[in-house]
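Q: I have a chain open in the viewer and would like to talk it through before I get back to the bench. Could we go over it together?

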Amino acid sequence: LRRISPLNIPIHTLISTLTGLFLLLGAGFAAVRLKMVPGEASKAFSALLMRITIPATVFSAMLRPFDPSFLKDSMVIVALGAGCFLLYALLCIPAVHLFRVRPGGRGMWKICCTFCNNGFMGYPVILALFGEDGLALAAMMGISFNLLVYTLGAKQVLLDAKQASAI
């Protein structure tokens, strides 16, 4: 984990990398606004990105010779990811009351606060900043994310259904 620490990245590298990503986003936005690309193409580009490009990039980052240190780092990341998501879920319990979320929307509010959208922009940013090693570890964190979003997350959403039937 030390070899891809965010503390090892010089601030100018961070700024230039993120600036490049935002310039690409801006170019896409401008292309649609200037009608160089039809607005309907957004759906096709998103499908290409989510169904082909990002999975292929993650897959290629995971193709690596066996390395015991990577295996150890992966297990640490999976455990830390699970711990973080569980902590976020616990922090949502008092936050629901603090922010006075209505009873019918508490479960959805909790799942949105507990789990992030890490795929669409998260993986490209990780790849740009930390390279393929960082992307591979981010994909490993996806294990704890997916495990918990489809168990704990489903339970959080069911809270709304139980509260709606009680009303």
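Q: How many positive and negative side chains does the protein chain have, and how far apart do the centres of the two sets lie?
A: Bear in mind that this is a predicted model. The protein chain carries 14 positive side chains and 6 negative ones, with 14 Å between the centres of the two sets.

Q: And what is the secondary structure of the protein chain?
A: There are 6 helices and 0 strands in the protein chain, so that, read from the N terminus, the order of elements is α-α-α-α-α-α. The radius of gyration is 19 Å, well over the 15 Å that the globule rule gives for 167 residues, so the protein chain is more spread out than a compact globule.

Q: What does the C-alpha trace span along its principal axes?
A: The C-alpha trace covers about 50 × 50 × 30 Å along those axes.

Q: What share of the residues is buried, and how much accessible surface is there?
A: Of the 167 residues in the protein chain, 27% are buried. The accessible surface comes to about 11200 Å², and carbon and sulfur atoms account for 73% of that surface.

Q: Among contacts between residues at least 6 apart in sequence, what percentage join residues at least 24 apart?
A: For the protein chain that figure is 80%.

Q: Let's go inside, then: which residues make up the largest nonpolar core?
A: That core has 12 residues, including I54, V58, F70, I77, Y123, L135 and M140. Helix 2 (41-62), helix 3 (68-98) and helix 5 (122-149) each supply at least two residues of this core, and helix 5 gives the most, with 7 residues.

Q: What does A138 touch, leaving out residues up to four places away in sequence?
A: On that count, A138 is in contact with Y123 and I126. A138 itself belongs to the largest nonpolar core, as does Y123. Apart from that core lies another one of 6 residues, and F85, I111, L148 and V149 are among them.

Q: Where does L49 sit, and is it buried or partly exposed?
A: L49 is part of helix 2, and because its relative accessibility is 25%, it counts as partly exposed. Leaving aside residues up to four places away in sequence, L49 touches I54, P55 and F120. The C-alpha atoms of L49 and F120 are 7.9 Å apart in space, although 71 residues separate the two in sequence.

Q: How far apart are L87 and Y123, in sequence and in space?
A: L87 and Y123 are 36 residues apart in sequence, and their C-alpha atoms are 22 Å apart in space. L87 is located in helix 3, and with a relative accessibility of 43% L87 counts as partly exposed.

Q: Changing topic to the backbone, which residue in the loop between helix 1 and helix 2 has a positive phi?
A: That is K35, which has a positive phi of about 60 degrees although it is not a glycine, and which lies in the loop between helix 1 (11-33) and helix 2. Most residues other than glycine have a negative phi. K35 counts as exposed, because its relative accessibility is 73%.

Q: And what about R100, where is it found and what is its phi?
A: R100 is in the loop between helix 3 and helix 4 (106-114), and its phi is positive, at about 55 degrees, although R100 is not a glycine. With a relative accessibility of 76%, R100 counts as exposed.

Conventions:
Residues numbered from 1 in each chain as written. Predicted model: local features only at pLDDT ≥ 70, side-chain atom pairs only at ≥ 80, totals over all residues. Heavy atoms only, no water. Helix = DSSP H or I, 4+ residues; strand = E, 2+ residues; numbered from the N terminus. Rg over C-alpha atoms; globule rule 2.2 N^0.38 Å. Buried < 20%, exposed > 50% of the residue type's maximum accessible area, 1.4 Å probe, protein only. Contact = heavy atoms within 4.5 Å. Areas by Shrake-Rupley, 256 points an atom, 1.4 Å probe, with all protein chains shown as cover. Lys, Arg positive; Asp, Glu negative; His and termini not counted. Charge placed at Lys NZ, Arg CZ, Asp CG, Glu CD. Core = buried A, V, L, I, M, F, W, Y, C linked by side-chain atoms within 4.5 Å.
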